[in-house]
Amino acid sequence: MEYPDLKFIDALKKLPDSRDNRGKRHSQVFMIAVVIMAILSGRSRVSSIHRYIENQIDWLRTITGFHDAKCISRAHLPRMLAKVDWHELNVLIAEFFDDEITQTTKHEWKAVDGKFLKGTPKNVQKQAVIHAVAHDSRIDVAQAKQVGNKSSEITTVREFIKETGLESQNLTLDAHHCYPDTMSPIEAADGTYLIQVKENQPKLLEHCRNLTLQSSIAEIIEHDLGHGRISSYKSNLYKLSLSDIDERWQTSGMRFLVVVNRETIRKSNSKKTQETSYYVSNYKDLGNQDLSVELTKAIRKHWSVESNNWQLDVTFDEDNVRVSDGNQSQILSKLRSFAMNLLRIQKEDTHNFQALIEKFTDIPNSLVLMLRQVSFL
């Protein structure tokens with residue numbers, strides 16, 4: 001679907017509204033737009049978002065063009081959020097910003113990982129979100145819902161990367177996804193994976209450890225100083241032969257093993273820690289040294305998912321937001337991730353999200369300028 005010269009707030013009018021027409025006292029479009037603005041102004045809990053709307057209602061009417069919008073009550077706001085169609089909203093956002101995101105991230109590795117929404121009550125089915133985050137730009141390129149106490153992140157991720165076309169791109173995944181049924185479709189789609197190997201695959205891990213007794217085909221040594229630590233990384237690249245591994249891995253396309261030895265010294269007390277990690281990949285191109293550099297860089301940048309999750313928890317307070325409905329939890333999570341993406345897409349420095357949010361709070365017109373820059377308003 002194309003949205004030529006259309007603002008996102010206008011595109012939201014295409015979003016289905018499941019409410020009975022007799023009960024539509026408030027615009028769904030206005031509600032979604034002002035909730036996003038509240039989130040970008042540092043509001044996280046529903047009660048705080050409601051106060052933002054109540055306190056800024058005249059200004060919000062003017063800048064959104066909904067001049068007759070009424071203030072949504074504290075009781076009604078969560079009910080409206082719970083009725084938003086997550087899937088349709090996800091599709092709408094993806095379609096509207098597809099060109100911007102694709103052009104920015106098409107050459108980047110994507111890190112795929114899940115995040116549990118802790119604010120959902122115990123009597124409500126487990127809610128989690130699968131994120132695919134571009135390594136360099138940190139843009140959240142795609143998301144999927146995981147719902148249900150018996151649902152599995154492993155199978156959800158398999159379906160997710162297939163449905164989104166990510167299986168044909170370069171992906172980093174944690175050891176939770178080190179299974180032939182996850183790796184083989186990526187290989188078949190001519191995509192590339194880099195997956196950590198841990199104790200959940202004991203025979204493969206033992207084989208990886210045995211490979212380190214041989215000479216590596218490339219080695220990289222790096223040093224990093226920051227956060228009160230001195231870290232040294234030694235990465236060794238090994239060729240991996242499928243004929244030496246169990247039959248169930250034969251269609252996985254594994255070709256290389258990267259072993260990372262990390263030594264960290266805390267400057268405050270000189271305490272030293274050491275860690276060895278193992279990663280397998282089906283990467284096909286580049287010479288040995290270039291490949292070692294490429295895979296080592298991808299390993300170091302996989303933390304982009306964790307970094308985004310940290311921002312959602314610390315800056316947007318996601319873990320501490322308590323909600324009474326599973327879909328409401330998912331919608332708020334979607335809007336937080338979308339708000340963070342808007343900050344990534346716009347051209348200002350995003351090294352300090354908190355500073356940007358405080359700027360939007362102190363100078364509301366700066367928020368309007370940013371939203372116009374990204375074609376939201």
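How many nonpolar, polar and charged residues does the lining of the second largest pocket have, by class? There are eleven nonpolar, ten polar and nine charged residues in that lining. Please keep in mind that this is a predicted model.

**The second largest pocket**

This pocket has a volume of about 760 Å³. Its lining is made up of 30 residues, and those nearest the centre are Ala-94, Val-141, Ala-142, Gln-143 and Thr-164. Two or more lining residues come from each of helix 6 (86-96), helix 7 (98-105), strand 3, helix 8 (153-163) and helix 13 (326-345). Helix 6 is the top contributor to the lining of the second largest pocket, giving seven residues.

**The largest pocket**

Here the volume is about 970 Å³. The largest pocket has 31 lining residues, with Tyr-233, Arg-262, Ile-299, Arg-300 and Trp-303 lying nearest its centre. Strands and helices both take part: among the elements that supply at least two lining residues each are strand 6 (218-226), strand 7 (229-239), strand 8 (256-266) and helix 12 (304-314). Helix 11 provides the largest share of this lining, seven residues.

**A cavity as well**

Searching the whole structure turns up one cavity of 30 Å³ or more. The largest cavity has a volume of about 60 Å³. Around the largest cavity you will find Leu-117, Gly-119, Glu-318, Val-321, Val-323, Ser-329, Leu-332, Ser-333 and Arg-336.

Here are the three linings by class, side by side.

| Space | Nonpolar residues | Polar residues | Charged residues |
|---|---|---|---|
| Largest pocket | twelve residues | nine residues | ten residues |
| Second largest pocket | eleven residues | ten residues | nine residues |
| Largest cavity | four residues | three residues | two residues |

**A look at Gln-146**

Strand 3 covers residues 140-147, and Gln-146 is part of this strand. Is Gln-146 buried or exposed? Gln-146 counts as buried because its relative accessibility is 4%, and the cut-off for buried is under 20%.

Its surroundings are worth a visit in your viewer. Apart from neighbours within four places in sequence, Gln-146 is in contact with Lys-126, Gln-127, Ala-128, Ile-130, Ser-151, Ser-152, Glu-153, Thr-156 and Gln-330. With one of these residues, Ser-151, the contact is also polar: the two side chains meet at 3.2 Å. Glu-54, by contrast, is 92 residues from Gln-146 in sequence and 33 Å from Gln-146 in space, taken C-alpha to C-alpha.

Technical notes
Residues numbered from 1 in each chain as written. Predicted model: local features only at pLDDT ≥ 70, side-chain atom pairs only at ≥ 80, totals over all residues. Heavy atoms only, no water. Helix = DSSP H or I, 4+ residues; strand = E, 2+ residues; numbered from the N terminus. Buried < 20%, exposed > 50% of the residue type's maximum accessible area, 1.4 Å probe, protein only. Contact = heavy atoms within 4.5 Å. Polar contact = N/O pair within 3.5 Å; in protein donor to acceptor, adjacent residues only side chain to side chain. 1 Å grid on protein atoms, 1.4 Å probe; cavity = no way out; pocket = protein on both sides within 12 Å on 5 of 7 lines; lining within 4 Å. Points joined across faces, edges and corners; volume = space filled by probe spheres on them. Nonpolar A, V, L, I, M, F, W, Y, C, P; charged D, E, K, R; others polar.
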